[in-house]
Amino acid sequence: MHAFYGNSNPTKEEQFRFKEAMEYLGQVTPEGGHPEAFDYNLAMHYMDIKEFALAKKYLEIGAKTGDWTCKQGLGIIWYYGLCGEQDFEKAYYYFEERKFGRSAYLLADMYHYGYYVKKDVAKCREILEELFIKASHERCVPTKSYAGK
């Protein structure tokens with residue numbers, strides 16, 4: 001499971017202890033700490049066990065603190081309709097704010113297929129090219145040899 005950092009088969013007891021620990025740490029983290037990390041980890045735990053309503057709850061808490069990973073997670077929930085309702089407008093809101101990684105890819109997908117936005121293949125390509133350049137720069141990949149320029 002993602003939330004257990006590599007433990008792909010935690011026992012019920014381990015899951016219970018993990019949830020309790022994350023909730024406790026989220027409550028006692030001093031101001032200036034990073035309580036959003038606990039919200040995100042709890043959300044990922046619930047995503048892993050397909051409890052999407054609970055994942056959404058913790059992602060919303062983390063998103064209120066400005067955590068972009070939580071916002072991206074909310075976008076994914078709305079994009080795929082994991083809580084039963086697909087809402088591309090809400091997904092767009094979260095993806096547009098980040099425009100990197102999976103958020104950028106799914107935003108490009110929205111332009112490619114016309115989900116919530118007007119179908120615009122050129123905009124899709126622009127987003128993907130920007131994403132490629134950012135990702136290449138972060139990984140020190142020579143962009144010329146991969147971008148065909």
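A crossing of two helices is left-handed if the near helix is turned anticlockwise from the far one by less than a right angle. The exercises below use that term. The model is predicted.

**Exercise 1. Describe the overall make-up of the protein chain: which elements does it have, and how many?**

Step 1. Count the elements. The protein chain has eight helices and zero strands.

Step 2. Read their order. From the N terminus on, the elements run α-α-α-α-α-α-α-α.

Step 3. Look at burial. Of the 149 residues in the protein chain, 40% are buried.

Step 4. Look at the surface. The protein chain exposes about 9400 Å², and carbon and sulfur atoms supply 53% of that area.

Step 5. Look at contacts along the sequence. Take contacts between residues at least 6 apart in sequence: 35% of these join residues at least 24 apart.

**Exercise 2. Work out how helix H4 and helix H5 are oriented, and which residues meet.**

Step 1. Locate the helices. H4 covers residues 68-80 and H5 covers residues 88-98.

Step 2. Take the geometry. H4 and H5 pack at an angle of about 150 degrees, with axes 8 Å apart.

Step 3. Classify the angle. Angles over 145 degrees count as roughly antiparallel. H4 is therefore roughly antiparallel to H5.

Step 4. Give the handedness. H4 passes H5 in a left-handed crossing.

Step 5. List the residues. H4 brings Trp 68, Lys 71, Gln 72, Leu 74, Gly 75, Ile 76, Trp 78 and Tyr 79. On the H5 side they meet Phe 88, Lys 90, Ala 91, Tyr 94, Phe 95, Glu 97 and Arg 98.

Step 6. Sort them by class. The contact of H4 with H5 has nine nonpolar, two polar and four charged residues.

**Exercise 3. Do the same for H5 and helix H6: at what angle do they pack?**

Step 1. Locate H6. This helix covers residues 101-113.

Step 2. Take the geometry. H5 and H6 pack at about 130 degrees, and their axes are 9 Å apart.

Step 3. Classify the angle. H5 and H6 are therefore oblique to each other.

Step 4. Give the handedness. H5 and H6 cross in a left-handed way.

Step 5. List the residues. Phe 88, Tyr 92, Phe 95, Glu 96 and Arg 98 in H5 meet Ser 103, Leu 106, Leu 107, Met 110 and Tyr 111 in H6.

Step 6. Sort them. Seven residues of the contact of H5 with H6 are nonpolar, one is polar and two are charged.

**Exercise 4. Complete the set with H4 and H6: parallel or antiparallel?**

Step 1. Take the geometry. The axes of H4 and H6 come within 10 Å and cross at roughly 30 degrees.

Step 2. Apply the cut-off. Angles under 35 degrees count as roughly parallel. H4 and H6 are therefore roughly parallel to each other.

Step 3. Give the handedness. The crossing of H4 and H6 is left-handed.

Step 4. List the residues. Gln 72, Ile 76, Tyr 79 and Tyr 80 in H4 meet Arg 102, Ser 103, Leu 106, Asp 109 and Met 110 in H6.

Step 5. Sort them. The contact of H4 with H6 has five nonpolar, two polar and two charged residues.

**Exercise 5. Examine two residues with a positive phi, Lys 50 and Tyr 116. Where does each lie?**

Step 1. Start with Lys 50. Its phi is about 65 degrees, although Lys 50 is not a glycine.

Step 2. Place Lys 50. It lies in the loop between helix H2 (35-48) and helix H3 (52-64).

Step 3. Judge its exposure. Lys 50 has a relative accessible area of 61%, so it is exposed.

Step 4. Turn to Tyr 116. Tyr 116 is not a glycine either, and its positive phi is about 70 degrees.

Step 5. Place Tyr 116. It is in the loop between H6 and helix H7 (121-139).

Step 6. Judge its exposure. Tyr 116 has 45% relative accessibility, so it counts as partly exposed.

**Exercise 6. Decide for Tyr 93 and Asp 87: buried or exposed?**

Step 1. Place Tyr 93. This residue lies in helix H5.

Step 2. Apply the cut-off. Exposed means over 50% relative accessible area. Tyr 93 has 52% relative accessibility, so it counts as exposed.

Step 3. Find a partner. Tyr 93 and Leu 74 are 19 residues apart in sequence and 9.8 Å apart in space, C-alpha to C-alpha.

Step 4. Place Asp 87. This residue lies in the loop between H4 and H5.

Step 5. Apply the other cut-off. Buried means under 20%. Asp 87 has 14% relative accessibility, so it counts as buried.

Step 6. Find its partner. Asp 87 and Tyr 115 are 28 residues apart in sequence, and 9.3 Å separates their C-alpha atoms.

Note on methods:
Residues are numbered from 1 along each chain as its sequence is written. This is a predicted model: local features need pLDDT of at least 70, side-chain atom pairs count only at pLDDT 80 or more; totals for chains, interfaces and linings use all residues. Side-chain values use heavy atoms; hydrogens and water are left out. Axes are lines fitted to C-alpha atoms, for helices over the stretch in contact, and angles run from 0 to 180 degrees between N-to-C directions. Helices (H or I, at least four residues) and strands (E, at least two) are DSSP runs, numbered from the N terminus. Angles under 35 degrees count as roughly parallel, over 145 as roughly antiparallel, 65 to 115 as roughly perpendicular and the rest as oblique. Contact means heavy atoms within 4.5 Å. Ala, Val, Leu, Ile, Met, Phe, Trp, Tyr, Cys and Pro count as nonpolar, Asp, Glu, Lys and Arg as charged, and the others, Gly among them, as polar. Buried means under 20% relative accessible area, exposed over 50%, partly exposed in between (1.4 Å probe, protein chains only). Accessible areas come from the Shrake-Rupley method with a 1.4 Å probe; for residues, only the protein chains shown count as cover.
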